[in-house]
Amino acid sequence: MDNGTNSTNGTFEGFQTPPAAPKSFWFGLLLPTLYLTILIGSLYTFSSLYRKRLLQKAEKLEPWFPPHKQRDIYLSLLHLDPSEASDSADGEKKLSKVPDSILKAALLKRAVEDIQRIVQLRSSKQALQTLLQRGSVGDELWQRFLRAEKETEEEVKDVVTEANAFAPNWGQTIFQSANEINQNFILKQRTAEIQAKLESEKAWWESKRAGIQSDFMKELEEEDKPVGKPVEAGKKKSGSNDDDAVLVDAGGPAQAQGANGVKKRKSKKGLGA
Amino acid sequence: MDASETFTLLPLTIDPATKALASSDPSLATDIDDLNKLHRAFLALDTPNQVPPPPAPVNPKRSVQINKLRESGNAAYKKGAFPDAVKMYDFAIRMAAERPMWEASGLVREELANLYNNRAQAWMAQSLWAEGAVDAEVSVEMKRVGNVKGWWRRGQCLKEMGRWEEAGEWVRGGLEFERAGPDKAGVGELEALGREVEKMLESGEV
């Protein structure tokens with residue numbers, strides 16, 4: 001009976017529980033689902049937020065190079081419609097499109113800029129790697145560098161395809177030409193820098209020479225009467241190697257203006273003594 | 001974010017008659033100028049596709065002309081007409097500097113080093129030390145090794161102007177570059193100049 005009572009009890013309880021049993025079943029299912037959704041949802045939001053922030057950070061990283069102006073010029077030219085842009089100038093003579101020669105020139109300029117960038121990247125890579133290993137610079141800088149490297153590589157490929165589109169096989173030589181242009185440019189810059197000093201050097205030398213000459217004249221006047229001999233002697237003592245110098249110079253390029261040169265040299269000696 | 005797929009459209013216009021570019025943006029002026037210059041050089045090309053040839057073999061015409069000018073400069077120098085020599089070298093230098101930009105820079109370097117060196121010598125013959133010093137410096141800048149004469153000339157000019165310390169430093173630098181060089185006589189001269197300057201500096205007269 002125990003069983004019975006139990007069962008009755010059970011049924012009785014069961015009688016009451018059946019409405020509760022499905023409830024607890026759904027309730028039991030609800031909890032884990034809730035748990036799972038909250039867990040997955042929070043994980044998802046975290047990861048998406050984290051990724052977004054990373055992307056934002058990467059985007060915020062300053063590009064290694066300033067904007068590529070030559071590339072912009074070239075692409076602007078490609079998209080330029082001269083018949084539209086120049087109709088204000090004169091009506092009868094319109095270009096149907098930008099001449100190829102200009103585009104080629106612009107492309108070559110773009111290649112030159114790329115070469116300059118490549119040179120810069122190559123020269124800084126080694127140093128940057130060392131600094132990174134030592135921990136002197138942050139990872140951010142390295143990320144920026146890698147991005148610049150990748151971009152430049154793509155840019156080079158792009159230029160080569162464009163060049164091949166203009167003339168077969170130009171892509172193989174365009175960067176050679178660009179490199180020479182870059183070298184020649186550096187050459188000219190250095191020459192101009194040095195030549196720019198010419199005027200100031202000339203002026204300096206003129207004034208110095210004038211100074212030496214006037215000093216010499218003054219000294220001559222002073223020397224004439226009272227202290228002719230001692231000064232002369234002093235000059236000889238100290239000036240033995242200077243005399244050698246005079247000999248060497250006179251043998252050299254100074255034949256053209258003998259008198260002037262000798263005067264100058266004497267004046268130098270005068271200054272020394 | 002992807003910079004390779006976007007570009008900034010620049011305000012450019014093109015003159016239909018001259019085909020010269022112009023821009024309303026003043027910051028682009030120098031770039032546009034360069035581009036127009038390069039464009040004119042392109043138009044003068046007579047290669048099949050009107051693209052610059054590879055840099056290696058250059059157009060020999062210009063080299064011949066430069067050589068001619070240099071020869072006449074040398075002849076004038078030998079005759080003692082130094083101002084004429086300077087003028088000839090001047091023309092030759094201009095000619096060499098105006099080579100198309102894409103021609104081999106090594107060649108330009110060599111030519112200019114030689115011409116500036118000669119011009120420095122012509123200045124020195126007229127006792128124009130300042131000019132000589134500057135030209136010799138350019139020559140050395142173009143060609144550091146195997147240019148004993150250039151080193152010597154600037155050293156000599158500095159010495160003549162009484163800039164002993166500078167001269168000493170310069171000659172020391174030159175010897176560093178040239179000592180192993182093939183031109184033994186030249187190195188000897190440079191060493192002699194160095195010794196002279198050294199002695200002068202040691203004697204404390206300057």
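Let me begin with one term, since a later number rests on it: two residues are in contact when they have heavy atoms within 4.5 Å of each other. Please also keep in mind that what we are looking at is a predicted model.

With that term in hand, consider chain A, where, among the contacts between residues at least 6 apart in sequence, 73% join residues that are at least 24 apart. As for its secondary structure, chain A has 10 helices and zero strands, so that, by the rule used here for helices and strands, the pattern along the sequence reads α-α-α-α-α-α-α-α-α-α. Of the 273 residues in chain A, 30% are buried, and the accessible surface of the chain comes to about 17700 Å², with 60% of that belonging to carbon and sulfur atoms.

Let me now turn to one element of chain A, namely helix 2, which runs over residues 69-79 and is mostly covered, with eight of its 11 residues buried. The buried residues include Arg71(A) and Asp72(A), which are charged, and also Ile73(A), Tyr74(A) and Leu75(A), which are nonpolar. What is it that covers these buried residues of helix 2? Within chain A, the cover includes helix 4 (100-134) and helix 5 (139-166), while from chain B it includes strand 1, strand 2 (21-23) and helix 1.

That brings us to the contact between the two chains, which takes 69 residues from chain B and 66 residues from chain A. Together, chain B and chain A bury about 6100 Å² between them, and 62% of this area is on carbon and sulfur atoms. Between the chains there are six salt bridges, and one of them joins Glu137(B) to Lys197(A), with the closest N and O atoms 3.1 Å apart. Across the same interface, 12 residue pairs are found in polar contact, counting pairs with both residues at pLDDT 80 or more.

Which elements of chain B give two or more residues to the side that touches chain A? They are strand 1 (12-14), helix 1 (29-43), helix 3 (82-97), helix 4 (105-125), helix 5 (129-142), helix 6 (148-160) and helix 8 (184-202) of chain B. Among these elements, helix 5 of chain B gives the most, with nine residues. Sorted by class, the side of chain B that touches chain A holds 37 nonpolar, 14 polar and 18 charged residues.

Key. Residues are numbered from 1 along each chain as its sequence is written. Chains are lettered from A and ligands numbered from 1 in the order in which they are written. This is a predicted model: local features need pLDDT of at least 70, side-chain atom pairs count only at pLDDT 80 or more; totals for chains, interfaces and linings use all residues. Side-chain values use heavy atoms; hydrogens and water are left out. Helices (H or I, at least four residues) and strands (E, at least two) are DSSP runs, numbered from the N terminus. Buried means under 20% relative accessible area, exposed over 50%, partly exposed in between (1.4 Å probe, protein chains only). Accessible areas come from the Shrake-Rupley method with a 1.4 Å probe; for residues, only the protein chains shown count as cover. Buried area is the accessible area (1.4 Å probe) that two parts lose on being put together, summed over both. A salt bridge is a side-chain nitrogen of Lys or Arg within 4 Å of a carboxyl oxygen of Asp or Glu. A polar contact is a pair of N or O atoms within 3.5 Å; within protein, one must be able to donate a hydrogen and the other to accept it, and residues adjacent in sequence count only if both atoms are side-chain atoms.
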